[in-house]
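Trainee: Please take a close look at one part of this structure for me. I would like to follow how its strands pair and where its aromatic rings meet.

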Amino acid sequence: MNSNKQTGEKAGINWEAGFVTGRFFRGRRLLALLLLAVSLTGIWWLIQGRQNKQAELPPVKADERVLAEGIIFPVRYAQMVMPVDGTIGEVLVKEGERVKAGQPLIGLVRRDYQARVGSAGADVSRAAAVVEQARVNVADTERELARQLHLDQAGATSRQQLDQARTAAERSRAALAQAEADLKTQESLLVEAESLLDKTELRAPIDGTVAYLDVKIGEHAAGGTVLVRIADETAWEVRSDDLTELMIARVRPGDPVLLTFDGIPDLEIPGRVRFIRPYGEKKRGDITYTVTIDPDRWDERLRWNMTAQLAISSLVPYQP
C-alpha cells in the first residue's frame with residue numbers, strides 16, 4: 001500500500017512538471033510572435049519614412065548658369081621685346097617700380113650701332129660731294145654748249161666741236177642724276193642705321209608698374225623675346241577663352257557674372273560681360289570664344305594672371 005501511495009505521489013509530481021513545461025513553451029512562442037510583430041512594424045515604418053523623405057526632397061534643378069574659367073588681366077598693359085639683337089648694356093628699372101610713358105627701361109650695348117651710323121653718315125657726305133661736283137660739271141658743260149651754239153650761229157665753229165659740246169653736256173647731266181640717286185640711297189641707309197640705333201633702347205609706352213622684368217646686364221637679348229611687362233593697375237578685367245560654341249550661344253553682353261578666385265576662396269566679386277570676340281578659335285579640339293568680364297569692384301590681393309571662376313547668369317533658357 002505504501003508502494004502505491006509513493007507511485008501516486010510520484011505520478012502527481014510528473015503531472016505538475018508537465019504543466020509547467022507546457023506553459024513555458026507557450027510563453028516563448030508568444031514572445032517570439034511579439035518580437036516578429038515589432039520587427040515587421042519597424043521595417044514598415046522605416047520603409048514609409050524613407051518614402052516620405054524621398055517625397056519631401058526638393059526637385060533637383062539644373063544649374064542654368066554658364067560656368068567657365070578665366071584669367072585676370074589689366075585693361076591696359078604693354079609686353080615689350082627688343083626689336084634688334086644685341087647685348088644688354090643697361091637695366092634702368094626694377095620690378096614693382098612705377099614708370100612714366102617715354103621713360104628708358106633697358107639699353108643695349110650701342111657701340112656697333114653707333115659705328116654703323118658713323119659709317120653711313122660718311123657715305124652720305126661722300127655722295128653729297130659727288131653730287132656737288134656733278135652740278136659743277138653740268139654748269140661747265142652747259143656753258144660750253146651755249147658758247148658753241150653762239151659760235152655756230154656766227155659760223156665760227158665746226159660741227160664736230162658743237163657735237164662734242166652737246167655730248168659733254170648730256171653726259172654731265174646723266175652723271176648728276178646718278179650722283180643724286182646715290183645720295184638718296186646713302187641718306188636712306190643713314191636713316192635706317194639711326195633707326196636701329198634708336199631701337200637699342202626700350203622706353204615705356206604707357207604709365208604703369210613694371211610687373212615683369214627678365215633681363216640682366218651682359219645677357220644676349222634675342223629679338224622677339226618679351227623682356228618687360230608693364231601694367232596700368234588702375235583698371236582690371238577677366239578674360240575667358242574656354243567657352244565652346246554651345247556655351248557662347250547662351251551668353252550676351254551685359255549678362256551678370258559672379259567671379260570667384262582659386263587663390264582667395266572667400267572673395268566674390270560681381271561683374272558683367274563686356275565683350276564677346278566674334279571669331280572662334282580651335283583649342284583642345286573645340287571651337288572656343290573669348291569673353292571679357294568687367295568686375296564691379298576690385299580687390300588689392302588680386303594679381304595679373306590669377307585664375308578666376310566665372311558663373312554667368314545667362315538670360316537664355318538652359319537646354320540640357
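Mentor: A residue counts as buried when its relative accessible area is under 20%, as exposed when it is over 50%, and as partly exposed in between. W236 has a relative accessible area of 12%, so W236 is buried. Keep in mind throughout that this is a predicted model.

W236 belongs to strand β8, and that strand is a good place to start. Strand β8 covers residues 226-244 and pairs with strand β1, residues 66-81, in the antiparallel sense over 10 bridges. One position to look up is Y77, whose bridge partner in β8 is A231. Strand β6, residues 208-213, also pairs with β8, again in the antiparallel sense, over 4 bridges. There, Y212 has R229 in β8 as its bridge partner. A further antiparallel pairing joins β8 to strand β12, residues 286-295, over 5 bridges. In that pairing R239 stands opposite T292 of β12. As background, the strands of a sheet pair through backbone hydrogen bonds, and they do so either parallel or antiparallel.

Now the rings. A search of the whole structure finds 3 aromatic pairs. In one of them, Y77 and W304 have ring centres 5.1 Å apart and planes at 55°, so this pair is tilted. The two residues come from distant parts of the chain: Y77 sits in strand β1, W304 sits in the loop between β12 and β13 (307-312), and 227 residues separate them. Y77 is partly exposed, because its relative accessible area is 28%. W304, at 18% relative accessibility, counts as buried.

W236 comes back in another pair. The rings of W236 and W298 have their centres 5.7 Å apart and their planes at 5°, so this pair is stacked. Here too distant parts of the chain are linked, with W236 in strand β8 and W298 in the loop between β12 and β13, 62 residues apart. W298 counts as partly exposed, at 23% relative accessibility, whereas W236 is buried.

The rings of Y77 and W304 also belong to a cluster, in which ring pairs link them with F73. F73 has a charged neighbour as well: R239 lies over the face of F73, at 4.2 Å from the ring centre. This is the R239 that stands opposite T292 in β12. A similar arrangement involves R116, which lies over the face of Y113 at 4.9 Å from the ring centre.

For contrast, turn to another set of strands. An open sheet is formed by 4 strands in the order β5-β4-β2-β7, with antiparallel pairing. Strands β5 (201-203) and β7 (220-221) stand at its edges; each has a single partner strand, so one side of each is left without a neighbour in the sheet. Strand β2, residues 86-91, runs antiparallel to β7 and is joined to β7 by 2 bridges. In one example, T87 has H220 in β7 as its bridge partner. Strand β2 also pairs with strand β4, residues 104-108, in the antiparallel sense over 3 bridges. In that pairing E90 stands opposite G107 of β4.

To find these places in the structure, begin at W236 in strand β8. Then go to A231, the bridge partner of Y77, and from Y77 to the ring of W304.

Key. Residues are numbered from 1 along each chain as its sequence is written. This is a predicted model: local features need pLDDT of at least 70, side-chain atom pairs count only at pLDDT 80 or more; totals for chains, interfaces and linings use all residues. Side-chain values use heavy atoms; hydrogens and water are left out. Two strands pair if DSSP finds at least two bridges between them. Rings of Phe, Tyr and Trp (its six-membered ring) pair if their centres lie within 6.5 Å; planes under 30 degrees apart count as stacked, over 60 as edge-to-face and the rest as tilted. Buried means under 20% relative accessible area, exposed over 50%, partly exposed in between (1.4 Å probe, protein chains only). A charge sits over a ring if NZ of Lys or CZ of Arg is within 6 Å of the ring centre and within 35 degrees of the ring normal.
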